[in-house]
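Trainee: Could we walk through this one together before I write it up?
Mentor: Sure, pull it up and fire away.

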Amino acid sequence: PVEHGGGTVATPTGWTVVDGFPINQGGGSILSLFEIAQTASGATADAALSGGSNHMWGVIIRVRDAHPTNPYLNVAMMKQSGANTNGAAPGMKIDETDIALLAIIAYGGDLTGGISASEANASLTGVAEVYDNGTITGDGGGIIALSGTRAAIGIVAPWTSTLTSSVFISAVLAIRPQPIYTVADPW
C-alpha cells in the first residue's frame, strides 16, 4: 500500500495495480495498492516509488500462503470526510472458509509513529496491528495495516480503532489460502 497526497504513483517495476485502486479520500489522502507475484524464496525486491505529489509513504506487506493465481475473494473500500478519531474499515460477506483479512487504512496529516490503538473486529480471530507509521513531509500521511482470520462463512463486521485525529480512507482484502491438493490413488 502507498498513501500519497496527490498525483498518480507510477506502478513499480515488476508490480501490478490491484483492481479498484487507487481510491481517493477527497481531502488529502489517496491509497494506491500494488501486488507482486508470489516468489518461491519469499524474497521481494524494493518497490521504487515515483510520480505522486506532496508526499508518499509506502510499505511492503507480505501475505504468506495466499492463493498464487486467485488470491482475492473480496475487496471492500470506504472513505470518510473530515478529521476523525474513530478509525474504521469496511465489513463484508465471506462465502468461503479459512480466509485471511487485511485492513489497510491510509491517513492524511502530519503524523508519524503509531496513531492507531484498540483495533478490534469481533467477527475475526487473531486481530493484530501489522504496521502503523507515516511521514510529516508535505501535508503528511501514512499507513495502518491490520490483520485477522475468519474460519467460517458469514458476515464480517466493520473494523474499529481509535486514531489520532486525521482524515482517512480504508480498504479490506479477503485473501484466499493456497489450495491443498490430495491425491486419492496413485496411477
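**Cores, sheet and contacts**

Trainee: Which residues have the most contacts inside the largest nonpolar core?
Mentor: Keep in mind that this is a predicted model. The largest nonpolar core has 22 residues. β7 (72-79), β8 (84-89), β9, β10, β13 (141-150) and β15 each give two or more residues to this core. The ones with the most contacts inside it are Met 92, Ile 94, Leu 101, Ile 144, Trp 159, Val 172 and Ala 174.

Trainee: And how many residues are in the second, separate core?
Mentor: That core includes Val 18, Leu 31, Leu 33 and Val 59. Its count is 16 residues.

Trainee: Leu 31 also turns up in a sheet, right? Which residue is its bridge partner?
Mentor: Look at strand β4 (residues 30-32), which runs antiparallel to strand β1 (residues 2-7) and is joined to it by three bridges. Within β4, Leu 31 is the bridge partner of Glu 3.

Trainee: Which strands stand at the edges of that open sheet?
Mentor: The sheet has four strands with antiparallel pairing, in the order β3-β4-β1-β6. An edge strand here has a single partner, so one of its sides is left without a neighbour in the sheet. That description goes with β3 (23-24) and β6 (52-58).

Trainee: How many salt bridges does a search of the whole structure find?
Mentor: Arg 176 pairs with Glu 96, with the closest N and O atoms 3.0 Å apart. Arg 176 lies in the segment after β15 and Glu 96 in the loop between β9 (92-94) and β10 (99-108), so the pair ties together parts 80 residues apart in sequence. The search finds one.

Trainee: Of that pair, is Arg 176 buried or exposed?
Mentor: Its partner Glu 96 is partly exposed, at a relative accessible area of 28%. For Arg 176 the relative accessible area is 15%. The cut-off for buried is under 20%, so Arg 176 counts as buried.

Trainee: Last one: which residue's backbone oxygen lies 3.0 Å from a polar atom of the Ser 170 side chain?
Mentor: Ser 170 is found in strand β15 (residues 159-175), and its relative accessible area is 0%, so it is buried. Beyond its neighbours within four places in sequence, its contacts include Ile 23, Met 77, Pro 90 and Ile 104. The backbone oxygen in question belongs to Ala 88.

Technical notes:
Residues are numbered from 1 along each chain as its sequence is written. This is a predicted model: local features need pLDDT of at least 70, side-chain atom pairs count only at pLDDT 80 or more; totals for chains, interfaces and linings use all residues. Side-chain values use heavy atoms; hydrogens and water are left out. Buried means under 20% relative accessible area, exposed over 50%, partly exposed in between (1.4 Å probe, protein chains only). A polar contact is a pair of N or O atoms within 3.5 Å; within protein, one must be able to donate a hydrogen and the other to accept it, and residues adjacent in sequence count only if both atoms are side-chain atoms. Contact means heavy atoms within 4.5 Å. Two strands pair if DSSP finds at least two bridges between them. A salt bridge is a side-chain nitrogen of Lys or Arg within 4 Å of a carboxyl oxygen of Asp or Glu. A nonpolar core is a set of buried Ala, Val, Leu, Ile, Met, Phe, Trp, Tyr and Cys residues joined through side-chain atoms within 4.5 Å.
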